[in-house]
Amino acid sequence: MSDLAVTATLSRAAGLSLDAYRPDHVAERVRRALDREGAPDDRGLADVIARDADARARFRRSVAVSVTGLFRDAGQFDLLERKLLPELLASGRRLRVWSAGCADGSELYSVAVLLQRLGALDDTFLLGSDLLEENLALARGGVYEGVTFSPSVRARLRWEQRDLVREGPAAGKWRLVLCRNVAIYLDARSKRKLHAALAGSLTHDGVLMLGRSERIDDPRALGLRSVEPHVYRRLG
């Protein structure tokens, strides 16, 4: 089979658009899966993950890397609390926050804590979306590193399963979108497409925060301007 045919076969078996990810990332994940599942070759691996739900879940988790934690990259959360959230709240309009690629929900709970400190949690709509249902199950539980969030806080957060590559952004317009360390695993074309979709999901003054290792090459082409390192605001 050609490389394209192998990718297409594995994509169908896993329910992922593997051609949207960096080829080196996919190749490494496939190599690890071959060893882990004891498959003889790529086609054999596709057969395994097509018929074995546990193997399929392991492969999907390995491709859709979920590395997170409460207040991960503390400097970005300091920026949110000190500047970005107060600026967004100052308008008096309801704040809608979307954590795109939320993993186990730690990021969105961290934002909820900041909003609670600012006295704005009850007036905010918060949504976390992720590719993996098992991540969302953890998010709904609200238990992290010995911290258990109260039912009242958990009730403020909403969760949905969403493949950003295939399905695009969550419905509606958002005043704050966090999509940190998702695009780093995508190829250049898919990364541009994702950034354009995220930009298009913002309200006219909305803010997009990427991960510390990420940047948008030409933000103005997407109707954005850089306001802080790795942070962009919608123009007009």
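This note sets out numbered points on a predicted model, for a reader new to the structure.

1. The pocket. The largest pocket has a volume of about 510 Å³. Of the 29 residues that line it, those closest to its centre are Val 65, Gly 101, Arg 180, Asn 181 and Val 182. By class, the lining of this pocket comprises 15 nonpolar, six polar and eight charged residues.

2. The largest nonpolar core. This core has 42 residues, and those with the most contacts inside it are Leu 10, Leu 45, Ile 49, Phe 59, Trp 98, Leu 198 and Leu 208. The elements that give two or more residues to the core include helix H1 (3-14), helix H2 (23-37), helix H3 (42-51) and helix H4 (53-63). Further along the chain, strand E1 (95-100), strand E6 (174-179), helix H10 (188-200) and strand E7 (202-210) also give two or more residues to it. In soluble globular proteins, nonpolar side chains tend to be buried together.

3. Leu 198 within that core. Leu 198 is among the residues with the most contacts inside the largest core. Not counting residues up to four places away in sequence, Leu 198 touches Trp 98, Ala 100, Val 177, Cys 179 and Leu 208. Apart from the largest core lies another, of 32 residues, including Leu 114, Tyr 144, Phe 149 and Val 153.

4. Helix H7 and its buried face. Which residues of helix H7 (residues 133-141) are buried? They are Asn 135, Leu 136 and Ala 139. Seen down the axis of H7, the buried residues fall within an arc of 95°, so they line one face of the helix. As background, an α-helix has 3.6 residues a turn, so residues three or four places apart point the same way. The buried residues of H7 pack against helix H6 (106-117) and against three strands: E2 (124-130), E3 (143-144) and E5 (157-161). After H7 comes Gly 142, whose phi is positive, near 65°.

5. Positive phi outside glycine. Two residues deserve a check of the backbone. Asp 73 has a phi near 65°, a positive value in a residue other than glycine. Its place is in the loop between H4 and helix H5 (74-89). Asp 73 counts as buried because its relative accessibility is 19%, and the cut-off for buried is under 20%. Glu 145 has a positive phi of about 45° although it is not a glycine. Glu 145 is placed in the loop between E3 and strand E4 (147-148). At 66% relative accessibility, Glu 145 counts as exposed.

6. Glu 107 and Thr 68. Is Glu 107, which lies in helix H6, buried or exposed? Glu 107 is buried, with a relative accessible area of 6%. Leaving aside neighbours within four places in sequence, Glu 107 is in contact with Thr 68, Phe 77, Ser 99, Leu 178 and Arg 180. Of these contacts, Arg 180 is also one of the residues closest to the centre of the largest pocket. Thr 68 is found in the loop between H4 and H5 and is partly exposed, with a relative accessible area of 29%. With neighbours within four places in sequence again left aside, Thr 68 is in contact with Ala 103, Asp 104, Ser 106 and Glu 107.

7. Separations along the chain and in space. Glu 107 and Ser 150 are 43 residues apart in sequence and 16 Å apart in space, C-alpha to C-alpha. For Ala 197 and Ser 150, 47 residues apart along the chain, the C-alpha atoms are separated by 33 Å. Ala 197 lies in helix H10 and is partly exposed, at a relative accessible area of 23%. Thr 68 and Gly 146 are 78 residues apart along the chain, and their C-alpha atoms are separated by 15 Å. Asp 218 and Gly 69 are 149 residues apart along the chain, with their C-alpha atoms separated by 30 Å. The place of Asp 218 is in the loop between E7 and strand E8 (224-228), where Asp 218 is partly exposed, with a relative accessible area of 46%.

Methods:
Residues numbered from 1 in each chain as written. Predicted model: local features only at pLDDT ≥ 70, side-chain atom pairs only at ≥ 80, totals over all residues. Heavy atoms only, no water. 1 Å grid on protein atoms, 1.4 Å probe; cavity = no way out; pocket = protein on both sides within 12 Å on 5 of 7 lines; lining within 4 Å. Points joined across faces, edges and corners; volume = space filled by probe spheres on them. Nonpolar A, V, L, I, M, F, W, Y, C, P; charged D, E, K, R; others polar. Buried < 20%, exposed > 50% of the residue type's maximum accessible area, 1.4 Å probe, protein only. Helix = DSSP H or I, 4+ residues; strand = E, 2+ residues; numbered from the N terminus. Arc of directions from axis to C-beta. Contact = heavy atoms within 4.5 Å. Core = buried A, V, L, I, M, F, W, Y, C linked by side-chain atoms within 4.5 Å.
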